[in-house]
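I opened this model to take notes on its parts and how they meet. My entries follow in the order I looked things up.

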Amino acid sequence: MRKTLFALTLLLGAGAAEAQLPFLKKRTAQPQQPVLQGIDALRADFAAQAGGTTVYYGAESAILGAPAKTALGLQAAWLRRHPEVVVRIEGYGDSLDTRDHALAMGARRAEEVRSHLLLLGVPATQVSTTSWGKERPGLGRAVTILVR
Amino acid sequence: MKRLFLLVLLLGLAGTAHGQQPAATVIAVPPLTSPDSGAKGNQMLAVGWDVTQAIETDLRQTAEVMPLKPNRDDYYSYPEVTAPTFSKWRAAGAKALVTGFVQGRSDGRLTVGCYVYDVDKGRELARKGFIIGANDWRRAAHKCSGLAYTAITGAPGIFDTRIAYVAESGVGEGRTRRIAVMDSDGQNHRYLTAGAAIVLTPRFAPRASQLAYVSFAGGRPSVRVVDLDSGQERPLIAAEAISFAPRYSPDGSRILFSMMLGANSDIYVVPAAGGVPRRLTTSPGVDTDASFSPDGSRIVFESDRGGSQQLYVMNADGTGQRRISFGGAWYAAPQWSPDGEWITFTRRGQEGRRIGIIKPDGTGERVLTTGPGDDGASWAASSREILFQRTGANGRSSVYRVALDGSESRQLATPQDASDPDWSGVME
């Protein structure tokens, strides 16, 4: 099998600001605008301290390798330090795959990451999952947008 | 290209042993006449000419029937509709004849009569009358075309059908995707979604009255059902789980779909009107893309439970699961043909993704397209043609149609890039 790598991106609140605002407000009672800026700051902090927002899988695989587990360990530690932050785990499929199988593979990969984070003590309420299958442009671009 | 030529050459040399493609049946399509006279008669003849041209266009799309070019000046009298001059059409080289009339009604609507004849034997094959609105002449033409096609080939016509697909425009992050629906001749094109969310895999109910599709609205992919007449829309299931790959049962009463439960994708069935889903597969792998046999008793689906995507057949209640694909590649996205004879699929191998067909018992595998970016095959009601999407190296997609006879794929005209085609059954 070709050594193409596929990504699973850990998204810090991207595109889901509305969904998180009530949660943040409830716990911190901060006004809205600073919270939004705070999310950007949190994203940058997460990316820096967790060593990146993306973990990789081998082709056709939903099994976490050692480098992925190391990265997730750092991410889990960060999430435990920031219990007020909710993250969405977005799985991606292979662009060469058929459409529906890619969707399922993305969901499986996201779910594997979620399970691993829960195993490392991250509360279930802090993480949700989704899949983009092969429906979004390549991995490089997706990462660029997330850590901007 | 060279390989295709070689294949044609080999088939030619092999002669009748491999079954040569029978020549298309030539059919005469003279202008429809009218029993009406005077100004009204002229008006009806004008409608009749529109219908005639639409019939010719319809039949020219097929591999099995070849229409003679209609001549507007060479029209026949009303009595000739039921008593054609067969010798004349025999001399013109026609084996079949479709004739008819258009008659104005007192309520402003039209009666369209269609007659199909075997020219050699000089006998009627079929006849049918329709009452239609004055502007619905195209629909009447599709019904006449279907009558002729079925009388000649024995298969349902594909003219009074719809095609749904995903219309794609823009590039990169700004790309929008909308569900589009049109008649199979490209008329009455319209969009069902506005483009705010990514949408996938539109799938018609059998008579094209409803459509199920996948929407990413809300962040997670899930199946939605829309009524095409009222525009009313609802989620297929109440659960918040990721759901995808919808497909109606042949009688329209149930919908198969896939749903994620944790890291596991399984196949479920739910009443089309809503209700509690029933789980049909339990393997820990990805089970998806399920499709009923035409009698509703069996289901074909893909599963990677054995390590790679392969096709499986099971009973409609989920029992008796059995792998049918063993061709040394990966097999995905199956759909059972309306006549029950074949299952179409996407084959993933070193040549990329290509569309093929296989018998439900796993024999007779044949690849129909060249790839390398083909996917999403959908049967025509006739079971003789397949629509599919082809993605080029530049990432842009178009919809193509290919016939089982091995002829080359033809691109379908769409206003924008197009993917995920679905071809409906014959409408009523």
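**Entry: a proline in a loop.** I looked up Pro372(B) and found it in the loop between strand 24 (366-367) and strand 25 of chain B. Strands here are DSSP runs of E with at least two residues, helices are runs of H or I with at least four, and both are numbered from the N terminus. The peptide bond from Gly371(B) to Pro372(B) is cis, with omega near 0°.

**Entry: ground rules.** I noted that this is a predicted model, where local features need pLDDT of at least 70, side-chain atom pairs count only at pLDDT 80 or more, and totals for chains, interfaces and linings use all residues. Residues are numbered from 1 along each chain as its sequence is written, while chains are lettered from A and ligands numbered from 1 in the order in which they are written.

**Entry: the sheet with strand 25.** I followed strand 25 of chain B into an open sheet of 4 strands, with the order 25-26-27-28 and antiparallel pairing. Two strands pair if DSSP finds at least two bridges between them. Strand 25 (374-379) and strand 28 (410-411) of chain B are at the edges with a single partner strand each, so one side of each has no neighbour in the sheet. In between, strand 26 (residues 385-391) and strand 27 (residues 397-403) of chain B run antiparallel, joined by 7 bridges. Leu387(B) stands opposite Arg401(B) in strand 27.

**Entry: an unusual phi.** I checked Thr201(B), which lies in strand 9 (residues 199-204) of chain B. Its phi is near 40°, a positive value in a residue other than glycine.

**Entry: domains of chain B.** The domain assignment gives domain 1 (22-153) and domain 2 (162-423) of chain B. Such bounds come from an automatic or database domain assignment. The centres of the two domains, taken over C-alpha atoms, are 36 Å apart. I found 4 residues of domain 1 in contact with 5 residues of domain 2. Contact requires C-beta atoms, placed from the backbone, within 7 Å.

**Entry: two helices of chain A.** Which residues of helix 3 of chain A meet helix 4 of chain A? They are Lys69(A), Leu72(A), Ala76(A) and Leu79(A), and they meet Val113(A), His116(A) and Leu117(A) in helix 4. The residues of this contact divide into 5 nonpolar, 1 polar and 1 charged. Ala, Val, Leu, Ile, Met, Phe, Trp, Tyr, Cys and Pro count as nonpolar, Asp, Glu, Lys and Arg as charged, and the others, Gly among them, as polar. Helix 3 (residues 66-81) and helix 4 (residues 99-119) of chain A pack at about 55°, with axes 9 Å apart. Axes are lines fitted to C-alpha atoms, for helices over the stretch in contact, and angles run from 0 to 180 degrees between N-to-C directions.

**Entry: where the chains meet.** I counted 17 residues from chain A and 27 residues from chain B in the contact. Helix 4 of chain A gives the most to chain A's side, with 10 residues. That side has 7 nonpolar, 4 polar and 6 charged residues.

**Entry: the sheet under helix 4.** I then looked at an open sheet of 4 strands in chain B, order 13-14-15-16, with antiparallel pairing. Its edge strands are strand 13 (243-248) and strand 16 (278-279) of chain B. Strand 14 (residues 254-261) and strand 15 (residues 264-271) of chain B pair over 8 bridges. Met259(B) stands opposite Asp266(B) in strand 15. Helix 4 of chain A packs on this sheet, touching strand 13, strand 14 and strand 15 of chain B. The direction of helix 4 makes about 30° with that of strand 14 of chain B.
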